[in-house]
Amino acid sequence: MSEDYAVSALAAGDTVRVIAARTTQLVREAQARHNCSPTVTAALGRLLTGAALMGHALNGNERITLQISGDGPVRGLVADVAAGGRVRGFPLRPTVERPLNAGGKFDVGGIVGRGSLHVTRTFDTGQPYTSAVPLATGEIGEDLAKFFASSEQIPTVVAVGVLANPAGVLAAGGVIAQLMPGADVSTIDLLERGARSMPHVSALVNDGLTPEGIVEKIADGLAPRIAGTHPIEFACRCSAERVAKAIVGLGHDALLEMASSSDDTEARCDFCGQRYYFSPDAIREILASAS
Ligand SMILES: [Zn+2]
């Protein structure tokens with residue numbers, strides 16, 4: 001099974017930046033961890049792929065969090081990426097489902113609904129900066145493109161896709177192409193045409209095309225050259241210690257109740273689904289250290 005990774009490339013005399021990725025394993029793991037329905041898998045997989053593409057240049061403690069809130073059945077989706085291509089994410093309602101749309105595709109826009117996309121960049125100092133845009137269509141790719149255009153003033157073409165059937169995720173991947181300062185404005189038309197004329201990115205991945213091959217497709221005629229290769233994996237930063245800190249946030253009364261219970265308290269990490277168990281004794285220790 002081929003590993004996930006991303007490549008970054010420059011094209012059109014270094015006036016266009018292209019990032020392409022294969023994210024099949026990432027999406028497959030997220031689907032399994034959260035037991036997502038096929039349409040939620042498509043929605044979350046597109047957002048995870050967007051995060052993976054946006055995170056290729058992160059260093060140190062930097063990270064990017066993408067948060068979608070909508071009035072559709074899934075209610076919301078979160079994906080975040082840290083340096084080293086460590087991506088994680090979750091849907092608020094993993095098991096909701098909708099029929100395929102008129103085009104025979106997963107109705108991602110229908111499951112997300114109307115709402116907003118919040119993008120939080122956390123810098124190495126730990127300082128977060130959030131900006132938000134209303135969703136364009138809820139189909140994720142167009143929403144990310146709208147974010148780049150309106151919030152960051154970077155004309156951007158985004159394609160993110162998941163190919164799945166009831167048996168699981170077959171392929172996933174994505175590509176972002178951005179105009180750098182000094183670019184010829186007609187170049188974005190070429191990129192948009194390139195994106196429109198190429199098959200769905202998940203179908204390309206399913207056919208065995210590599211991220212390098214996806215770059216060649218979207219930047220056809222713009223003489224792209226690969227500048228770097230970047231790993232991608234599903235990885236969470238949770239630990240028993242961090243979860244214990246979150247439990248403290250539930251308040252003194254809740255902790256007292258857990259400490260007096262005869263059962264272990266179960267806490268589940270939202271991002272990765274990992275379960276942590278705390279015995280009544282462990283809860284008493286948390287209580288003692290918190291007071
Ligand atoms: Zn976790």
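**Zinc site, largest pocket and selected residues in a predicted model**

Thr41 is found in helix 2, which spans residues 38–54. The model described here is predicted. Thr41 has a relative accessibility of 4%, and therefore counts as buried. Apart from neighbours within four places in sequence, Thr41 is in contact with Val27, Gln31, Cys36, Val162 and Val169.

A second buried position is Val81. This residue belongs to strand 4, residues 76–82. The relative accessible area of Val81 is 0%. That value is under 20%, so Val81 is classed as buried. With neighbours within four places in sequence left aside, the contacts of Val81 are Ala51, Gly55, Leu58, Glu62, Arg63, Ile64, Arg86 and Val87. One of these, Glu62, is 19 residues from Val81 along the chain. The C-alpha atoms of Val81 and Glu62 are separated by 8.7 Å.

The model contains a zinc ion. Four cysteine sulfur atoms coordinate the zinc ion: SG of Cys236, Cys238, Cys269 and Cys272. The coordination distance is 2.3 Å. Along the chain, the donors follow the spacing C-x1-C-x30-C-x2-C. The arrangement of the 4 donor atoms is tetrahedral, because they subtend angles of 102 to 113° around the zinc ion. For four donors, the tetrahedral class requires all angles to lie between 85 and 135 degrees. Two of the ligands were also examined for accessibility. Cys236 has a relative accessibility of 25% and so counts as partly exposed. Cys238, at 21%, also counts as partly exposed.

One zinc ligand, Cys272, is also touched by His34. His34 is found in helix 1, residues 24–34. The relative accessible area of His34 is 6%, so this residue is buried. Beyond residues up to four places away in sequence, His34 touches Leu44, Gly89, Phe90, Pro91, Pro94, Arg268, Asp270, Phe271, Cys272 and Gly273. Gly89 also takes part in a polar approach to this side chain. The backbone oxygen of Gly89 lies 2.7 Å from a polar atom of the His34 side chain.

Glu139 is placed in a loop. The loop runs between strand 7 (128–134) and helix 4 (141–151). Glu139 has a relative accessibility of 23%, and so counts as partly exposed. Outside its neighbours within four places in sequence, Glu139 is in contact with Arg46, Asp107, Val108 and Gly109. Two of these partners can be described at the level of distances. The side chains of Glu139 and Arg46 are joined by a polar contact of 2.9 Å. The backbone nitrogen of Gly109 is reached by the side chain of Glu139 at 3.1 Å. Gly168 offers a further reference point for Glu139. The two residues are 29 residues apart in sequence, and their C-alpha atoms are 20 Å apart in space.

The next feature is the largest pocket. Its volume is about 780 Å³. The largest pocket is lined by 28 residues. The closest to its centre are Arg46, Ala159, Val160, Gly161 and His200. Arg46 is thus listed at the pocket centre and as a polar partner of Glu139. Helix 4, strand 8 (156–165), helix 5 (186–197) and helix 6 (201–206) are the elements that give two or more residues to the lining. Strand 8 provides the largest share, 9 residues.

Backbone torsions were considered last. Most residues other than glycine have a negative phi, and most peptide bonds are trans. Asp14 has a positive phi near 65°, although it is not glycine. Asp14 is placed in the loop between strand 1 (5–11) and strand 2 (16–22). With a relative accessible area of 39%, Asp14 is partly exposed. Ala223 is also a residue other than glycine, with a positive phi of about 45°. The loop that holds Ala223 lies between helix 7 (211–218) and strand 10 (225–231). The relative accessible area of Ala223 is 63%, so this residue is exposed. The cut-off for the exposed class is over 50%.

Note on methods. Residues numbered from 1 in each chain as written. Predicted model: local features only at pLDDT ≥ 70, side-chain atom pairs only at ≥ 80, totals over all residues. Heavy atoms only, no water. Donors = N, O, S within 2.8 Å, 3.2 Å for Na, K, Ca; no water. Tetrahedral: all angles 85-135°; square planar, octahedral: opposite > 155°, others 65-115°. Buried < 20%, exposed > 50% of the residue type's maximum accessible area, 1.4 Å probe, protein only. Helix = DSSP H or I, 4+ residues; strand = E, 2+ residues; numbered from the N terminus. Polar contact = N/O pair within 3.5 Å; in protein donor to acceptor, adjacent residues only side chain to side chain. Contact = heavy atoms within 4.5 Å. 1 Å grid on protein atoms, 1.4 Å probe; cavity = no way out; pocket = protein on both sides within 12 Å on 5 of 7 lines; lining within 4 Å. Points joined across faces, edges and corners; volume = space filled by probe spheres on them.
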